[in-house]
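User: I'd like to take a close look at a single part of this protein and then follow the contacts outward from there. Could you walk me through it in one connected answer?

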Amino acid sequence: MADRVHPMETQESAMPDAPENPRSTASSTTCSLPVRKPTPVPGTYVIQVPKDVILRQPPPGNAHLAKVYARRASRRRSRCCLCLAWLVVLLFLLAVAAGVLYLVFRPRAPHYTVDDLSISSFNLSAATISPVFDVTVRADNQRNKKVGIYYGDGSDITAAYDGVTLCEGKWPAFYQPPRNETVVVTELRGTGLRLAAEVEQALTAAQRQGKVPLEVSVKVPVRVKFGAVRSWTIKVKVRCEVTVDGLRQNAVILSRDCSVKVKVLGFLGL
């Protein structure tokens with residue numbers, strides 16, 4: 001009889017399924033778990049952020065405040081403009097009035113001159129000096145036919161040598177009518193003056209030569225009268241360069257030259 005041939009199981013099929021590698025299983029399980037981030041250490045941290053990245057939204061009330069401030073600024077500007085306009089109008093009216101008065105009355109500044117100068121108590125050999133100057137000033141207002149002048153208080157007269165004030169006094173307050181010439185005699189005094197060595201030497205040399213240059217300055221506030229109208233206060237400054245033959249009484253005036261400066265708009269510094 002023919003032998004039956006039974007198929008033989010191969011070694012692979014005969015071998016049971018081998019269990020999976022435990023290491024590979026463990027590793028696959030570990031990789032599937034979520035990775036935890038490291039916990040920061042407690043403490044204080046400074047985070048620097050660029051300015052252009054910071055976006056900030058202002059509070060809702062800021063818009064209302066901005067409108068209120070803008071309204072106030074607009075009101076202030078309008079008030080300032082209104083005040084400026086009134087000031088311009090006032091200056092214009094004053095300029096017109098001044099022009100009309102000038103055309104009608106043709107005012108001119110009086111002519112001033114030093115007629116006499118007497119000096120006493122001027123001892124250059126003393127440590128300190130207290131000189132006394134008797135000054136005679138002539139104010140000539142004859143050129144003004146319709147204009148009078150009120151000389152007010154707050155005047156100042158000084159006598160100086162080379163910029164050094166020697167004595168001072170006051171100009172009297174009075175009214176000078178049109179076409180008038182008034183002679184003013186005033187006393188100037190200095191007390192306890194101590195001259196510098198170079199000034200004392202220069203004065204001594206000038207007195208020996210018989211030519212002592214002095215400066216007499218007058219500052220006086222005046223008001224001009226145009227008919228029945230009086231002007232505002234005007235500042236008048238008179239400066240006289242006088243040369244005498246010596247520092248003595250009844251000194252002879254060798255030369256004199258006076259100039260007048262008038263500040264019409266003295267309240268504006270003009």
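Which backbone oxygen does the side chain of S155 reach, and at what distance?

Analyst: Happy to. Please keep in mind that this is a predicted model. The side chain of S155 reaches the backbone oxygen of W171, at 2.8 Å.

Let's place that serine before moving on. S155 sits in the loop between β3 (147-151) and β4 (156-161). S155 has a relative accessible area of 3%, so it counts as buried, the cut-off being under 20%. Leaving aside residues up to four places away in sequence, S155 touches K170, W171, K219, V220 and P221. These contacts give us two directions to follow: one towards W171, and one towards the strand that holds K219, V220 and P221, namely β8 (residues 212-226).

Start with W171. This tryptophan lies in the loop between β5 and β6 (174-176). W171 is buried too, with a relative accessible area of 4%. Its ring takes part in the aromatic pairing, and a search of the whole structure finds six aromatic pairs. In one of them, the ring centres of Y112 and W171 are 6.4 Å apart and the planes stand at 80°, so the pair is edge-to-face. This pair links distant parts of the chain, since Y112 belongs to strand β1 and the two residues are 59 residues apart. Y112 has a relative accessibility of 5% and therefore counts as buried. Ring pairs also join Y112, Y151, W171 and F174 into a cluster. So the residue whose backbone oxygen is reached by the S155 side chain is also a member of that ring cluster, which is a nice thing to look at in the viewer.

Now the other direction, β8. The two strands on either side of the S155 loop are β3 and β4. β3 pairs with β8 in the antiparallel sense over five bridges, and β4 pairs with β8 in the antiparallel sense, also over five bridges. For two landmarks, Y150 stands opposite R223 in β8, while the bridge partner of A159 in β8 is V216. In a regular strand, the side chains alternate between the two faces of the sheet. That is worth remembering as you step along the strands.

β8 has further partners. Eleven bridges join β8 to β10, and these two strands run antiparallel. Within that pairing, P213 stands opposite T243 in β10. β8 also meets strand β9 (residues 229-230) through two bridges, again antiparallel, with F226 opposite V229. β8 and β9 form a hairpin with two residues between them, and G227 in the turn has a positive phi of about 65°. Just past that turn, R230 lies over the face of Y150, at 4.1 Å from the ring centre. Y150 is thus a useful crossing point, with R223 opposite it in β8 and R230 over its ring.

β10 brings us to the cysteines. A disulfide is a covalent bond between the sulfur atoms of two cysteines. One disulfide is found in a search of the whole structure. C240 and C258 form it, with their sulfur atoms 2.0 Å apart. The angle about the S-S bond is 115°, and the link is right-handed. C240 lies in strand β10 (residues 234-244) and C258 in strand β11 (residues 253-263), so the disulfide ties together parts that are 18 residues apart in sequence. C240 is buried, with a relative accessible area of 4%. By contrast, C80 is in no disulfide, and the nearest cysteine sulfur, that of C83, is 6.6 Å away. C80 counts as exposed at 53% relative accessibility. C83 is likewise in no disulfide, and is exposed with a relative accessible area of 53%.

If you plan to check backbone angles, two more loop residues deserve a glance. D162, in the loop between β4 and β5 (164-169), has a positive phi of about 55° although it is not a glycine. At 69% relative accessibility, D162 counts as exposed. S121 is in the loop between β1 (111-120) and β2 (132-140), and has a positive phi of about 60°, though it is not a glycine either.

To retrace the route, S155 reaches W171 through a backbone oxygen, W171 pairs with Y112 edge-to-face, and β8 pairs with both β3 and β4.

Methods: Residues numbered from 1 in each chain as written. Predicted model: local features only at pLDDT ≥ 70, side-chain atom pairs only at ≥ 80, totals over all residues. Heavy atoms only, no water. Helix = DSSP H or I, 4+ residues; strand = E, 2+ residues; numbered from the N terminus. Buried < 20%, exposed > 50% of the residue type's maximum accessible area, 1.4 Å probe, protein only. Polar contact = N/O pair within 3.5 Å; in protein donor to acceptor, adjacent residues only side chain to side chain. Contact = heavy atoms within 4.5 Å. Phe/Tyr/Trp six-rings, centres within 6.5 Å; stacked < 30°, edge-to-face > 60°. Lys NZ or Arg CZ within 6 Å of the ring centre and 35° of its normal. Disulfide = S-S within 2.5 Å. Pairing = 2+ DSSP bridges.
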